[in-house]
Amino acid sequence: MEIITNPTPVEIKKAAQALKDGHLVAFPTETVYGLGADATNERAVSRIYSVKARPTDHPLIVHISSINQLAKWAIDIPEYAIKLAQQFWPGPMTLILKRSELVKDFISGSQDNIGIRVPAHPVALALLSKFEKLGGFGIVAPSANRFGAVSATTAEDVNEELGKFLNSNDLILDGGKSLIGVESTIIDCRRNYPSILRPGAIAIEMIETTTGYTIPTNLQMNNIRAPGLLRHHYSPKADVVIDSIPQPGDGFIALADVPTPAGVIRLASPANLEEYARLLYSAFRAGDRFEIKKVVAIQPSGEGLAYAIRDRLARASSI
Ligand code: TXA
Ligand code: MG
């Protein structure tokens, strides 16, 4: 496996060809790094599941280069979903839609729907365009981490998580640290109104403004499987405890205006919500590297991104 830093157009073309040839390519997105495979290649997709140690009935998100590719993958797309796609793609939003013929059971966990996203990172977009020029239709990419673990927000994190499971022809594209740092907002668009399956940087208020619908804020499974929606997920090795007083030797994550108690190991001091989201997973990883047993996180208050951060903290802290 080769790591390509700041890939040139020629190197991105080589990566697109590697995908066409059935290899895996981890690539940067604005949310977190993804582990990519040709969405129509069953063997390549099965390797994603084994590299991640992920149960095969959990569906994957198809990444496409633009809204123009949407009709290949989804049918019966409601008007409000088109509005969302026009407003927020490329960007940190996944739409769950009724699947087209192109979607095979091996990417959808045998469900009749499919998650689709146009990522905003320039390397991801260039890779998708090149891949489509080579005759590809879309790239499935879960977060590039072992099942249940913390998503990777740098190429080094991907290598640390998955490097030993990748083959010599697989690639990791290094496009710097993910700007947003938490996974995309997942919006269920299978009914005549939208609902949220996973909160993210595209906030509830933004979805309501764009669609004119009121979004119920209680997250529901809606009878579809999504491991990101399991209560215990996105967890470091350390125990995560929310809103408690850390003891000496504990790790500590809180906004910068919260002082560090004596003897406590400060893992992140984000100045604002954007920085909190961006630093959260690397702070968890740093705690694990220091072999810290317990990490206390003080939740941010408020709506928007704060809601997504509280969601990830709640999952990381649940048993
Ligand atoms: O930001 C992101 O969405 C990142 C980047 C790489 O694009 N991807 C990502 O994928 O987070 P993954 O597989 O780690 O998490 C996607 C979550 C999983 O919990 C999956 O089960 C759920 O979305 N999901 C995917 N397709 C679905 C579907 N058709 N119905 C319900 N849930 C779905
Ligand atoms: Mg994931």
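Trainee: What makes Arg 146 count as lying over the face of Phe 165?
Mentor: Start with the distance. In this predicted model, Arg 146 is at 4.0 Å from the ring centre of Phe 165. The cut-off for CZ of Arg is within 6 Å of the ring centre, and CZ must also be within 35 degrees of the ring normal. Arg 146 therefore counts as lying over the face of Phe 165.

Trainee: How many aromatic pairs does the structure hold?
Mentor: It holds 1 aromatic pair.

Trainee: Why is the pair of Tyr 80 and Tyr 213 called stacked or edge-to-face?
Mentor: Take the two values in turn. The ring centres of Tyr 80 and Tyr 213 are 5.5 Å apart, and the limit for a pair is within 6.5 Å. The planes meet at 70 degrees, and over 60 counts as edge-to-face. So the pair of Tyr 80 and Tyr 213 is edge-to-face.

Trainee: Which parts does the pair tie together?
Mentor: Tyr 80 lies in helix α4, residues 79-88, and Tyr 213 in the loop between α8 (204-211) and β12 (239-242). The pair therefore ties together parts that are 133 residues apart in sequence.

Trainee: How do you know whether Tyr 80 is buried or exposed?
Mentor: Its relative accessible area is 4%. Buried means under 20%, so Tyr 80 is buried. For Tyr 213 the value is 33%. That falls between the 20% and 50% bounds, so the term is partly exposed.

Trainee: Where does the largest pocket lie, and how do you know?
Mentor: Look at who supplies the lining. Domain 1 (2-211) and domain 2 (239-317) both give residues to it, so the largest pocket lies between them. The lining includes Ala 149, Glu 160, Lys 237, Asp 288 and Arg 289. α7 (155-162) and α9 (273-289) each supply at least two lining residues. The largest share, 3 residues, comes from α9. The space in this pocket is about 250 Å³.

Trainee: What classes make up the lining of the largest pocket?
Mentor: There are 6 charged residues, 3 nonpolar and 1 polar. Arg 285 and Glu 161 are among the lining residues, and Arg and Glu count as charged.

Trainee: How many cavities of 30 Å³ or more are there?
Mentor: The structure holds 2. The second largest cavity has about 40 Å³ of space, so it passes the 30 Å³ mark.

Trainee: What makes up the lining of the second largest cavity, by class?
Mentor: It divides into 6 nonpolar, 2 polar and 1 charged. Gly 200 and Gly 304 are among the lining residues, and Gly counts as polar. Glu 205 also lines this cavity, and Glu counts as charged.

Trainee: What is the peptide bond from Trp 89 to Pro 90 called?
Mentor: It is cis, with omega near -10 degrees. Pro 90 sits in the loop between α4 and β6 (93-99).

Trainee: What is notable about phi of Asn 6?
Mentor: Phi is near 40 degrees, a positive value in a residue other than glycine. Asn 6 belongs to the loop between β1 (2-5) and α1 (9-20). Its relative accessible area is 57%, over the 50% bound, so Asn 6 is exposed.

Trainee: What is phi of Ser 110?
Mentor: It is positive, at about 65 degrees, although Ser 110 is not a glycine. The residue lies in the loop between α5 (105-108) and β7 (113-117). At 52% relative accessible area, Ser 110 is also over 50%, so it is exposed. Its C-alpha is 8.0 Å from that of Pro 59, which is 51 residues away along the chain.

Trainee: How do you know whether Gly 181 counts as buried or exposed?
Mentor: Relative accessibility is 0%, under the 20% bound, so Gly 181 counts as buried. The place of Gly 181 is the loop between β9 (171-174) and β10 (185-188). Gly 181 and Ala 277 are 5.3 Å apart, C-alpha to C-alpha, and 96 residues apart in sequence.

Trainee: And what does Leu 305 count as, buried or exposed?
Mentor: At 12%, Leu 305 is under 20% too, so the term is buried. Leu 305 lies in helix α10, residues 305-317. From Leu 305 to Phe 88 the C-alpha distance is 15 Å, with their positions 217 residues apart in sequence.

Notes. Residues are numbered from 1 along each chain as its sequence is written. Chains are lettered from A and ligands numbered from 1 in the order in which they are written. This is a predicted model: local features need pLDDT of at least 70, side-chain atom pairs count only at pLDDT 80 or more; totals for chains, interfaces and linings use all residues. Side-chain values use heavy atoms; hydrogens and water are left out. On a 1 Å grid over the protein atoms alone, a cavity is a set of points where a 1.4 Å probe fits but cannot get out, and a pocket is an open set with protein on both sides within 12 Å along at least five of seven lines; lining residues have an atom within 4 Å of a point. Rings of Phe, Tyr and Trp (its six-membered ring) pair if their centres lie within 6.5 Å; planes under 30 degrees apart count as stacked, over 60 as edge-to-face and the rest as tilted. Helices (H or I, at least four residues) and strands (E, at least two) are DSSP runs, numbered from the N terminus. Buried means under 20% relative accessible area, exposed over 50%, partly exposed in between (1.4 Å probe, protein chains only). Domain bounds come from an automatic or database domain assignment.
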